[in-house]
Amino acid sequence: MIAKISHGGSLYGVLAYNQIKVDELHADVLFGNRIIEPPGDNPYTIEHLSRSFVDYLTANRKTEKPILHISLNPDPKDCVSEEQFIKLAEQYMQRMGFGDQPYIVYRHNDIGREHLHIVSVRVDETGRAISDSYEHERSMKVCRELEQQFDLTPATKKEWKEGLPLSPVDYDSGNLKGQLAGVIRPIAREWRFQSLGEYRAVLSLYGITVDEVKGEYGGREYHGLSYSATDKDGNKIGKPFKSSVFGKEAGIAALEKRMLSSAAWMKSHKDIATDTAARIASAMQTAGRDRVLFERELMRQGIGVVFRTNDAGRIYGATFINHADKTVFNGSRLGKEFSANVFNDLFAGQDGIHPPQQSAEVERPAQQQEHTGASQWNGHDTEYHPDHKDNTAQNVANAFSLFAPVQGGASGDQPAPQQRKKKKRRRYGRQQ
């Protein structure tokens with residue numbers, strides 16, 4: 001299990017990040033510790049949750065980044081129950097010295113694995129900072145203890161060093177080049193895909209896209225790749241980077257070799273495709289004609305899906321991503337029962353769930369206007385424009401101040417409701 005700890009200055013930002021995940025059915029609230037519960041069966045809201053932290057932050061003396069945001073990531077192969085997740089979060093926070101702090105625990109099911117996000121504060125009720133000395137080392141020790149206690153797959157030294165599993169690119173956090181490199185290099189090196197479209201499908205889950213760049217400069221023709229970060233709608237943000245800045249493994253020549261070796265490997269490991277197809281079929285049977293439920297059921301089994309739609313909302317492509325085995329399959333390659341036409345007929349009338357992207361002409365940078373819909377890359381179709389992203393809400397944090405406006409919030413002449421420690425399960429998405 002890998003734990004990632006970040007400190008920040010915006011409570012509203014981290015709550016908004018997690019709330020958007022809940023709204024888009026990629027997360028639910030597992031429980032809260034010392035959190036003021038909403039009345040009745042009303043769902044948690046950002047404004048309501050803020051009230052549980054406001055006294056701590058108001059008392060803060062000099063801690064520059066008092067907000068604590070932790071993600072706990074078991075190995076994708078681990079099957080962790082809801083009860084185990086709750087105990088896992090409680091034990092981790094207790095052993096890290098935050099057991100008596102207010103915190104809210106979200107279970108995320110995006111990017112092909114279930115994991116936890118915990119939001120808390122690093123100052124106690126008196127405003128004193130809770131020590132973060134040797135935080136990384138202590139966290140590693142706690143994770144190793146919890147791996148044994150809950151019979152989880154131990155994280156390797158390499159995973160700890162590289163901070164794996166991978167995380168979506170957070171544009172507003174800075175060091176964009178470093179973030180892109182941290183995703184592109186391991187995917188190009190370790191994943192198995194047979195087309196640029198399949199490679200791009202994996203990258204899209206982490207807020208990245210890749211484009212071919214062709215042209216002529218100084219009398220010489222060039223052919224390369226450029227990588228860009230994307231927002232939650234798949235639109236490019238920030239400047240693009242040439243593949244060379246990420247090393248040879250991210251360039252065309254290396255990826256062509258990777259695709260050939262992947263094709264050979266797939267032929268000798270047909271059980272991977274068979275198992276992936278079986279999981280998809282199971283999710284289809286469970287979900288029926290409900291596209292949201294289908295995607296969620298797939299995620300619970302470690303399979304991601306990226307649908308491609310045209311401007312009319314018709315599904316014309318489907319790519320499935322097996323995170324545990326790091327393999328990518330176009331639906332039609334798994335069988336005609338998993339082709340785009342099947343899913344278009346199955347989910348007819350549900351195109352409003354994930355609106356189609358803007359047209360390709362809007363998305364492409366000026367230097368790539370020469371490319372047509374028939375663009376090919378060594379025989380592989382490269383015209384791939386996903387309409388759905390799992391990495392939603394790229395860091396809302398910097399857009400907001402420390403406190404969100406809290407309607408009916410506590411003030412000097414209106415005491416806050418009594419806090420109590422209570423576990424409360426919440427269903428996916430908004431409750432009516």
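These are my notebook entries on what I looked up in this structure.

**Entry 1: the model**

I am working with a predicted model, so I keep that in mind for every entry below.

**Entry 2: cysteines**

How many disulfides does the structure hold? I searched the whole structure and found zero. I then looked up two cysteines to see where they sit. Cys79 has a relative accessibility of 78%, and because exposed means over 50%, I noted Cys79 as exposed. Cys143 has a relative accessible area of 0%, so I put Cys143 down as buried.

**Entry 3: a hairpin**

Next I turned to two strands, S10 and S11. S10 covers residues 315–322, S11 covers residues 327–330, and the two pair in the antiparallel sense. I found four bridges between S10 and S11. Which residue in S11 is the bridge partner of Asn322? I looked it up, and the partner is Thr327. Four residues lie between the strands of this hairpin. Lys326 caught my eye there, since Lys326 takes a positive phi near 55 degrees.

**Entry 4: salt bridges**

I reminded myself of the idea first: side chains of opposite charge can pair when their charged atoms come close. The structure holds 15 salt bridges, and I went through some of them.

- Asp75 and Lys77 form a salt bridge, with 3.1 Å between the closest N and O atoms. Are these two residues buried or exposed? Asp75 is buried at 14% relative accessible area, while Lys77 is exposed at 58%.
- Arg279 and Asp275 form a salt bridge with their closest N and O atoms 2.8 Å apart. Both are in helix H10, which runs over residues 270–287. They are four residues apart in H10, so about one helical turn separates them. Asp275 has a relative accessible area of 31%, which makes Asp275 partly exposed.
- Arg291 and Glu295 form a salt bridge too, and here the closest N and O atoms are 3.2 Å apart. This pair lies in helix H11, residues 291–300, again with four residues, or about one turn of the helix, from one to the other. What did I find for their accessibility? Arg291 is buried at 2%, and Glu295 is buried at 6%.

I also wrote down a network of salt bridges that links Arg189, Glu190, Glu249 and Lys326. Lys326 is the residue I had met in the hairpin of S10 and S11.

**Entry 5: Asp290 in its loop**

Where does Asp290 lie? I found Asp290 in the loop between H10 and H11. Its relative accessible area is 35%, so Asp290 counts as partly exposed. The side chain of Asp290 reaches the backbone nitrogen of Leu293 at 3.1 Å. I also checked Asp290 against Phe347, which is 57 residues away along the chain. The C-alpha atoms of Asp290 and Phe347 are 6.9 Å apart.

**Entry 6: aromatic rings**

A pair of aromatic rings is described by the distance of the centres and the angle of the planes. I counted twelve aromatic pairs. For Tyr199 and Tyr227, the ring centres are 6.4 Å apart and the planes stand at 90 degrees. Why is this pair called edge-to-face? Planes over 60 degrees apart count as edge-to-face, and 90 degrees is over that cut-off, so the name fits. Tyr199 is in helix H8 (residues 196–204) and Tyr227 is in strand S7 (residues 220–230), so I noted a link between distant parts of the chain, 28 residues apart. Tyr199 is buried at 0% relative accessibility, and Tyr227 is buried at 0% as well.

The rings of Phe307 and Phe343 have centres 5.6 Å apart and planes at 55 degrees, so I wrote this pair down as tilted. This pair also links distant parts of the chain, with Phe307 in strand S9 (residues 303–309) and Phe343 in helix H13 (residues 340–346), 36 residues apart. Phe307 is buried at 0%, and Phe343 is buried at 0% too.

I then looked up how ring pairs join into a cluster. Phe193, Tyr199, Tyr227, Phe241 and Phe246 are linked in this way.

**Entry 7: a charge over a ring**

Which ring does the charged end of Arg192 sit over? I found the ring of Trp265, with the charged end of Arg192 3.7 Å from the ring centre.

Technical notes
Residues numbered from 1 in each chain as written. Predicted model: local features only at pLDDT ≥ 70, side-chain atom pairs only at ≥ 80, totals over all residues. Heavy atoms only, no water. Disulfide = S-S within 2.5 Å. Buried < 20%, exposed > 50% of the residue type's maximum accessible area, 1.4 Å probe, protein only. Pairing = 2+ DSSP bridges. Salt bridge = Lys/Arg side-chain N within 4 Å of Asp/Glu carboxyl O. Polar contact = N/O pair within 3.5 Å; in protein donor to acceptor, adjacent residues only side chain to side chain. Phe/Tyr/Trp six-rings, centres within 6.5 Å; stacked < 30°, edge-to-face > 60°. Lys NZ or Arg CZ within 6 Å of the ring centre and 35° of its normal.
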